[in-house]
Amino acid sequence: MQPAILARNLIKQFGGFTAVDGVSLEVRPAEIYGLVGPDGAGKSTTLRMLSSIMTPTSGTAEIAGYDVQTQSGQVKDNIAYMSQRFGLYEDLSVWENVNFYADLYGVPARGRKERIEELLDFSSMRPFKGRRAGALSGGMKQKLQLVCALVHTPKVLLLDEPTNGVDPVSRRDFWRILYRLLARDVAILVSTAYLDEAERCNRVGLLSNGSLLAQGSPAEIKRLMKGAIVSIRSSQARRVQALMEESGSYEDVNTFGDTVHLVTQDEAAAGQQAKVLLESEGLPFDEITRQEPSLEDVFVRVLKETGEAGVRPWSSESRSGFHDQAAGLTAPGRPAVEVEDLTRRFGSFTAVNRVSFSVPAGQIFGFLGPNGAGKSTVIRMLCGVLEPSEGRGEVLGFDIARQPEKIKEHIGYMSQRFSLYDDLTVVENIEFYGGIYSLAGKRLEERKAWAMEMTGLADHARSMTRVLSSGWKQRLAMACSILHEPPVIFLDEPTSGVDPVSRRRFWDLISAMAEAGVTVFVTTHYMEEAEYCDRLALIYRGNIVAMGTPTELKTRVMREAILDIHCPRPFEVMDSIAALPGVREVALFGSGLHAVVRDPEEAGQRIRQEFERLDVPLERMEQVVPGMEDVFVALIEETDRRESGQGEG
């Protein structure tokens, strides 16, 4: 079968800089190829060359048999391309945007309405079809762009980190769409920062510094892992990580949510030694087991072995970038943030409905919720950017309605939308924000040096900000928002679009700030990151539906069991398993499935019988402890069922 995507020795240079260096790959019809790599590795440049938007310096590429340089018109007729930058028309409604793209792609009038409605239903965007695109949240814009890209069925689909800023429920829906497209022989090339998504691809390529370090099936890539993985599950995973790193006994130590992975050549000795260390320090842990490597384990390990610059450990200077006096404004025993019955309406629409909570000084407070749930609206009110319709709130003792300017003087705020100036260089952006925060002289130079170290952008100080990848921009925006060492920091999805190694660096910094007494209010769609928060609140449809520590939410919310199921092509058996008695829900989870069941023994037996009936091999099935993604999905669905029942009553 002829490849739908064929690239041979693609090279792209910008002046003396080589962004893509000899990339060769092919993707067949009905195949998903995942392109993963650190920020600035060359993923977006590769996709732009394949879509005929950018001309290669050398090398060749074909899409559906057409040359990307000499037959760009035919190439564009056979692809759908979704870039990182929004291609929406903000003054048009959701429906008008999709209809406009249908015109561009030549979708016939017959059946068009049904096609658009199907996509809007699947993406949960139908209720917003009359809303202007400019009035949508960042995540909802991302979903709308997905719909626009898929309004016709192309032979090749190029997706550049399409699920950045999209909540777990919507990501699962998105991957259902991709699997449906495979049935129509569409070839899909997707770059992603979510390594659990890469597990679902037929083949994966690891790109670093413009070169493919490895490519193959997820199973083949995992065999690159040198050494065994010992996993420790603990409610204090980041403290466990620090202890294991200090011991110097392991080749590598990485945290994944509430588990710590130790890379070692001697599995038995490593596990025993870890147990002794944990018990001597009195750190809690649930279990120490051998763990099959994930793609993220391999990703981190391979990049470190090849000396990827983005994986340098924090230096002492960047770790100490915050000082204890940062929390000096917060009175002892007084919450850093406190709100009561906070409400915000936009016309007849209630975006935030009577929200109440308090956050002590020095706490990492995680704010979770689907796209459009009200997270960013709450943050904007707390930052004095948006006035509440009702209720009260205080930040550092300042009233959010009466003293917004006082609040702005003493907080750091990193918004979803980049607050950087694209026409300034990296260092000019840092100097500009330093001026806003009244930093000058030696102090400004110290903080500027710290920011360059923290971001890893020292070699790009004079680069224009507009040429940075989204991940590098996130790092720079973070640095600019905390230059002045504020006692309270609001981070609205700070790691969206950032690779796994860089996300670890972000959370190293966030933990260091909290240890120095800084209060961190953070939203995220990475559920493993929710495990790093001291306390969490889940907001849905403007209401807080749950609040507590990660452990409290996992033990209180999940009343039913989770079965982790692994088999070839899990999407093909999802619906059959979901229809079995005793199975409440089945969803994609990494490279397998998670089934929510009432009785794990009874449901497990039925699932085994169903695999036999379908003549599909069951590789393994086991009951597992629910993760934060399971909790997130369960809370959303429970709220939907409750409200649906009330509506029918």
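The following exchange examines one sheet and one loop residue in a predicted model.

Student: In what order do the four strands of the open sheet lie?

Tutor: The sheet is open and its pairing is antiparallel. Its edge strands, each pairing on one side only, are strand S26 (583-589) and strand S28 (620-624). Read across the sheet, the order is S26-S27-S25-S28.

Student: By how many degrees are neighbouring strands of this sheet turned against each other on average, direction ignored?

Tutor: The strands concerned are the four that pair in an antiparallel manner. With direction ignored, the average turn between neighbours is 25 degrees.

Student: Which residue of S28 is the bridge partner of Ile565?

Tutor: Strand S25 covers residues 561-566 and runs antiparallel to S28, to which five bridges join it. In S28, the bridge partner of Ile565 is Met621.

Student: Which helix lies across S25, S27 and S28?

Tutor: Helix H21 (residues 571-578) lies across S26 and strand S27 (592-597), and runs at about 170 degrees to S26. The helix that lies across S25, S27 and S28 spans residues 600-614 and runs at about 25 degrees to S25. That helix is H22.

Student: Leaving aside neighbours within four places in sequence, with which residues is Ser217 in contact?

Tutor: Ser217 sits in the loop between strand S10 (211-216) and helix H8 (218-222). Contact here requires heavy atoms within 4.5 Å. Once neighbours within four places in sequence are left aside, the contacts of Ser217 are Asn202 and Arg203.

Student: How many Å apart are Ser217 and Tyr33 in space, C-alpha to C-alpha?

Tutor: In sequence, Ser217 and Tyr33 are 184 residues apart. In space, their C-alpha to C-alpha separation is 9.1 Å.

Conventions
Residues numbered from 1 in each chain as written. Predicted model: local features only at pLDDT ≥ 70, side-chain atom pairs only at ≥ 80, totals over all residues. Heavy atoms only, no water. Helix = DSSP H or I, 4+ residues; strand = E, 2+ residues; numbered from the N terminus. Pairing = 2+ DSSP bridges. Axes fitted to C-alpha atoms, helices over the stretch in contact; angles between N-to-C directions.
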